[in-house]
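This briefing goes with the sequence and the 3D structure shown below. Please keep both at hand while reading.

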Amino acid sequence: MLYNPHLRQLLTEIDNGRDGMNAVKVAMMEPLFVEFADECLRLVEPAEDALQDNLHELVFTNRQHRR
């Protein structure tokens with residue numbers, strides 16, 4: 001996704017803009033940027049189901065090690 005020149009240009013414009021919030025608002029009108037933002041959020045905030053699965057796996061693994 002980061003190889004896309006259009007997305008790279010959008011990110012550069014946001015980074016260089018005077019008003020970052022306004023630049024993000026404008027970028028959020030671009031489906032490509034929205035897709036990028038969603039992917040970033042998915043990486044830092046996994047879905048609740050994935051979080052529960054990871055917690056269950058951790059508890060299960062810890063129980064196995066106690067035996």
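The points below cover the overall fold, helix α3, its salt bridge and a surface patch.

The model is predicted. The chain has four helices and zero strands, and 13% of its 67 residues are buried. Much of what follows concerns helix α3, which spans residues 31-44.

**Chain overview**
- Read from the N terminus, the order of elements is α-α-α-α.
- The chain exposes an accessible surface of about 6100 Å².
- Carbon and sulfur atoms account for 55% of that accessible surface.

**Helix α3: length and buried side**
- Helix α3 contains 14 residues.
- The distance from the first C-alpha of α3 to the last is 20 Å, close to the 20 Å expected at 1.5 Å a residue.
- The buried residues in α3 include L32 and F33, together with F36 and A37.
- These residues lie on the same side of α3 because they cover an arc of only 135 degrees around the axis.
- Among the parts that cover the buried residues of α3 are helix α1 (5-16) and helix α2 (20-27).

**Salt bridge in α3**
- The structure contains one salt bridge.
- This salt bridge joins the side chains of R42 and E39, with an N to O distance of 2.5 Å.
- Side chains of opposite charge can pair when their charged atoms come close.
- Both partners, R42 and E39, belong to helix α3.
- R42 and E39 are three residues apart, which is about one turn of the helix.
- R42 has a relative accessibility of 48%, so R42 counts as partly exposed.
- E39 has a relative accessible area of 31%, so E39 is partly exposed as well.
- The cut-offs behind these two labels are under 20% for buried and over 50% for exposed, with partly exposed in between.

**Nonpolar surface patch**
- L41, L43 and V44 make a nonpolar patch on the surface.
- The area of this patch is about 330 Å².
- L41, one of the patch residues, is located in helix α3.
- At a relative accessibility of 49%, L41 is partly exposed, whereas L32 of α3 is buried.

**Points to check in the viewer**
- Which residues of α3 are buried? They are L32, F33, F36 and A37.
- Which side chains meet in the salt bridge? They are those of R42 and E39.
- Which residues make the nonpolar surface patch? They are L41, L43 and V44.

Conventions: Residues are numbered from 1 along each chain as its sequence is written. This is a predicted model: local features need pLDDT of at least 70, side-chain atom pairs count only at pLDDT 80 or more; totals for chains, interfaces and linings use all residues. Side-chain values use heavy atoms; hydrogens and water are left out. A salt bridge is a side-chain nitrogen of Lys or Arg within 4 Å of a carboxyl oxygen of Asp or Glu. Helices (H or I, at least four residues) and strands (E, at least two) are DSSP runs, numbered from the N terminus. Buried means under 20% relative accessible area, exposed over 50%, partly exposed in between (1.4 Å probe, protein chains only). Accessible areas come from the Shrake-Rupley method with a 1.4 Å probe; for residues, only the protein chains shown count as cover. Patches are made of residues with over 30% relative accessible area and no salt bridge: like charges are joined within 9 Å, nonpolar side chains (Val, Leu, Ile, Met, Phe, Trp, Tyr) within 5 Å. The expected span of a helix is 1.5 Å times one less than its number of residues. The arc is that of the directions from the helix axis to the C-beta atoms. Contact means heavy atoms within 4.5 Å.
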